Amino acid sequence: MKTSVLVTGGAGYIGSHTLVEFLAAGYHPIVLDNFCNSSPGVLRRVEALTGRSVTWREGDVRDASVLDALFSLAREQGAPVECVVHFAGLKAVGESVAKPLDYYDNNVYGSIVLLQAMERAQVRRIVFSSSATVYGEPRSLPYTEDHPLAPTNPYGRTKAMVEAMLADWCAADPGRTAVNLRYFNPIGAHASGQIGESPRGTPNNLFPYITQVAIGKREKLLVFGNDYPTPDGTGVRDYLHVSDLADGHVKAVEYARRARPGCFAFNLGTGRGTSVLELVKAFESTTGRTVPYEILGRRPGDVAQMWADPSAANELLGWRASRSIEDMCRDGWRWQSQNPDGYV
Ligand code: NAD
Ligand code: WQD
């Protein structure tokens with residue numbers, strides 16, 4: 001019998017890549033997405049890519065009735081949901097500063113409604129999309145999971161709040177398991193070029209901005225600061241291939257199914273830092289495209305550098321990021337060049 005997993009936000013950037021990995025691993029993913037930052041066309045691409053059909057419903061994670069219906073559906077099909085993988089949420093740091101209540105409503109209240117529905121359905125395992133942003137200004141690097149949590153913006157605070165809520169939820173029942181995955185900087189796209197990141201409007205993040213410059217949609221990259229205490233003065237991040245990150249979710253569900261119950265946190269990163277200009281150079285040499293850039297001042301709220309200590313995930317989840325920066329650039333460019341306007 002197949003194992004069902006409920007995937008909230010499964011049509012999004014990371015969720016769609018994770019569906020591919022769940023299908024390859026023999027799971028039965030059931031997707032709930034309100035398509036506020038994606039479209040059903042993404043799921044059709046996943047189906048074409050995997051040759052498998054995807055069960056999905058359009059709906060909001062804050063809607064208890066749709067959650068109840070999905071848990072019932074899985075039970076009626078003979079494969080009750082064993083674990084929820086919770087991607088659904090809003091993720092733009094700047095927007096969270098301007099509209100904090102939207103973020104607390106979607107990310108925190110949405111998680112409460114989801115956990116309540118899980119209790120009704122007696123589902124006791126959840127894998128949660130947390131973020132390295134929960135750590136805030138690094139006191140030491142690399143970040144280990146016991147680094148204090150001191151997020152510096154409302155988005156990051158929603159992630160830290162949900163992590164705290166999950167710890168309390170697990171403490172209240174010795175049969176519950178929560179796995180908080182603290183992602184570093186996922187970039188790139190599936191190697192097929194069929195699914196990838198499709199930001200609406202001007203990209204907030206570095207990598208989709210680079211690919212949009214490379215394809216001629218934007219004139220030049222604006223580099224936010226070259227006076228940081230880093231080797232070339234530009235910001236350093238731990239970029240990981242989105243397909244490696246997706247695989248981390250399969251490993252996390254397997255861990256949740258086999259480990260003793262409790263609340264856990266894992267960094268998902270490569271353990272290596274790359275600067276903005278190193279990423280630009282790697283992109284140019286891998287793809288043969290030129291990425292003109294201009295140096296501007298620092299972006300408010302940015303830290304100089306951060307990277308993960310992924311050893312807990314390596315050892316306990318049996319997960320390791322295996323793809324290189326060149327793989328990320330090549331696959332991200334394949335997606336951008338084959339789909340110049342993203343999902344249209
Ligand atoms: P995304 O916006 O591409 O995907 C999120 C999906 O959730 C979208 O399909 C959206 O339509 C859906 N969604 C949003 N609110 C919903 C709601 N209330 N009900 C149902 N569906 C809803 O984002 P992503 O990059 O795939 O990120 C997925 C998760 O990982 C998010 O929780 C994000 O905060 C977290 N995360 C992302 C990054 C990153 O760099 N992309 C880093 C760390 C953590
Ligand atoms: C990377 C580097 C910028 C854009 C953000 C969120 C974080 C997480 C991932 C969800 C920095 C520089 C960027 C540009 C640039 N998301 N940059 N020009 O800031 O590490 O993380 O996304 O959880 O919460 O904060 O990623 O890609 O925005 O920036 O020079 O146009 O690129 O200053 O040094 P960041 P990013």
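This passage describes helix α5 and the cysteine pair Cys170 and Cys263 in a predicted model.

Helix α5 comprises 22 residues, spanning positions 100-121. The distance from its first C-alpha to its last is 31 Å, close to the 32 Å expected at 1.5 Å a residue. The helix axis bends by about 25° at Tyr109. Just after α5, Gln122 adopts a positive phi of about 60°.

The buried residues of α5 begin in the sequence with Tyr103, Asn106, Asn107 and Val108. They continue with Gly110, Ser111, Val113, Leu114 and Leu115, and end with Ala117, Met118 and Ala121. These buried positions pack against strands β1 (4-8), β4 (81-86) and β5 (125-131). Their helical partners are α3 (64-76), α4 (93-98) and α6 (154-171).

A search of the whole structure for disulfides returned 0. Cys170 is in no disulfide, and the nearest cysteine sulfur to that of Cys170 belongs to Cys263, 4.6 Å away. Cys263 is likewise in no disulfide, its nearest cysteine sulfur being that of Cys170 at 4.6 Å. A disulfide is assigned to sulfur atoms within 2.5 Å; the 4.6 Å separation of Cys170 and Cys263 therefore does not qualify. With regard to solvent accessibility, Cys170 is buried, with a relative accessible area of 9%, whereas Cys263 is partly exposed at 32%.

Methods:
Residues numbered from 1 in each chain as written. Chains lettered and ligands numbered in written order. Predicted model: local features only at pLDDT ≥ 70, side-chain atom pairs only at ≥ 80, totals over all residues. Heavy atoms only, no water. Helix = DSSP H or I, 4+ residues; strand = E, 2+ residues; numbered from the N terminus. Expected span 1.5 Å × (residues − 1). Bend = angle between axes of the 7 residues up to and from the residue. Buried < 20%, exposed > 50% of the residue type's maximum accessible area, 1.4 Å probe, protein only. Contact = heavy atoms within 4.5 Å.
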